[in-house]
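Q: Please give a close, connected account of one single part of the structure shown below, including how that part relates to its neighbours.

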Amino acid sequence: MNKISVIGSGTMGNGIAHVFAQNGYDVSLVDISEQALDKAIATISKNLDRLIKKEKITEEVKVQTLNNLTTYTSLEEGVRDADLVVEAATENVDIKLQIFRDLDRYTKPSAILASNTSSISITKIGAVTQRPEKVIGMHFMNPVPMMKLVEVINGYLTAKEVTDQVVEVSKKINKVPVPANDYAGFVANRILMPMINEAIISLQNGVAGVSEIDTIMKLGMAHPMGPLQLADFIGLDVCLSIMRVLQDGLGDDKYAPSPLLVNMVEAGILGVKSGEGFYDWVKGNNKELVVSPRFE
């Protein structure tokens, strides 16, 4: 497995492309937007510079990593020679299903098709292809270059040898692969998102303020980041999407998203990506948190 294609050049996509390229793989990064691709390469370059500054890598490693990356705006051209495709498009089921229909047509029959989905059924994704046994989940954590976990999700028809190959390639890029089965939210988000949702409900009900909730969880539970700060970092729209998948997939009202979360997303208040969420990301940052005036 030498040639990797990554679909989507956003936060997750450029991070996934980065780690594969840094570990010697020939990586094709695919996006419909040339501007998004340019931004992704600039982000990867900046992240490599940080690693150089911390003496984690050399300048030569940076140069080689960037040389291992090729960008494409054509999906067909970008995946033609891939041994493994990792889809990291937006967390929208219709978009993902269409991408996998296209991947099934454009890739060679031996290619493994993986999704970085954080909640959507791998079995459902595999069902739109002619190779469901070669469809699998590779759920990377954000920020990808730093976080060790890859949640490897087996669809109902995923072949064991495919799982073994994905586990092996995950180890080769210095990640820790942990297999899980295909149930709504898998493991990570089935546990994490209800906690985040409950933190939002606690805020909504006036139990405590934004910084108080986050401080209690950081100091009391040894979380490196409070749940409301983490929600802003993930994206409130992504959190809402995952909660809806959990509610639909598990059929339990305990997974119903907080009305406050729904209203914020409908108002376009999405967290870091929009500049405002529970915190003001224009005035503050991850080191100096400034609570949004809405919640003061």
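A: The account that follows concerns strand β1 and its partners.

The model is a predicted one, in which local features need pLDDT of at least 70 and side-chain atom pairs count only at pLDDT 80 or more, while totals for chains, interfaces and linings use all residues. Residues are numbered from 1 along each chain as its sequence is written, and side-chain values use heavy atoms, with hydrogens and water left out.

Strand β1 comprises residues 3–7; strands are DSSP runs of E with at least two residues, helices are runs of H or I with at least four, and both are numbered from the N terminus. The strand is mostly covered, with 4 of its 5 residues buried (under 20% relative accessible area, against over 50% for exposed and partly exposed in between, using a 1.4 Å probe and protein chains only).

β1 pairs with two strands described here, pairing being assigned if DSSP finds at least two bridges between the strands. With β2 (residues 26–30), β1 runs parallel and is joined by 5 bridges. Within this pairing, Val30 of β2 is the bridge partner of Ile7. With β4 (residues 84–87), β1 also pairs in the parallel sense, here over 4 bridges. In that pairing, Ser5 stands opposite Val85 of β4.

The connection to β2 involves a helix: β1, helix α1 (residues 11–22) and β2 make a right-handed β-α-β unit. Right-handed signifies that, with the strands pointing away from the viewer, the path from the first strand over the helix to the second runs clockwise.
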